[in-house]
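Me: Please take a close look at one part of this protein, the nonpolar core, and set out how the helices and strands contribute to it.

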Amino acid sequence: MEDLVRAQLDLIIDPCAAAAGAPAGLVEMGLVRSLAVLDTPDGAAVRVTIGVTEPGCLMGAAFAAQAREHLEAMNGVSEVAVELDHHADWAPSDLAPAYRLRLEEVRAARRRPAAFFPEIPHRTPTPPEPAA
């Protein structure tokens, strides 16, 4: 069940990651700070804490609302508790390793010259003629 919960949370895409050209969900971004899935007689009780990448990020409330919506819609889930981590101690090392590689590939592709622009040969500027 925990894998299914993580998959649902990864459907919530961080808009900054999307803007960077490498969309990633909350799990891939390392924004799921803690997750507990407990079996109860009524179904799974899910408790998740979500963070943001920096203190000024306005997405925390939206992430929490979407997480609650996604998790409450899951079959077998009877209780959902979503909290926000306001400490904003996220670091790039929190990125999932596979996502970190994908992001680096996107960034590397952006640094390469576009194929439809031929390389312009380097030309040394000619100094101006001295004034007579």
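Reply: What follows goes from the model as a whole to the core and then to one helix pair. This is a predicted model, in which local features need pLDDT of at least 70 and side-chain atom pairs count only at pLDDT 80 or more, whereas totals for chains, interfaces and linings use all residues. Residues are numbered from 1 along each chain as its sequence is written, and side-chain values use heavy atoms, with hydrogens and water left out.

The protein has 5 helices and 3 strands (DSSP runs of H or I with at least four residues, and of E with at least two, numbered from the N terminus), and from the N terminus on the order is α-α-α-β-β-α-β-α. Buried residues, meaning those under 20% relative accessible area with a 1.4 Å probe and protein chains only, make up 30% of the 132 residues.

The largest nonpolar core (buried Ala, Val, Leu, Ile, Met, Phe, Trp, Tyr and Cys residues joined through side-chain atoms within 4.5 Å) holds 28 residues, of which Leu-9, Met-29, Val-48, Leu-71 and Tyr-99 touch the most other members. At least two residues each come from α1, α3, β1, β2, α4, β3 and α5, and α4 provides the largest share, 4 residues. Leaving aside residues up to four places away in sequence, Tyr-99 touches Ala-17, Ala-22, Pro-23, Ala-24, Glu-28 and Met-29, where contact means heavy atoms within 4.5 Å.

Turning to the helix pair, Val-5, Gln-8 and Leu-9 in α1 meet Ala-67, His-70 and Leu-71 in α4, and α1 passes α4 in a right-handed crossing (the near helix is turned clockwise from the far one by less than a right angle).

Definitions and conventions: Buried < 20%, exposed > 50% of the residue type's maximum accessible area, 1.4 Å probe, protein only.
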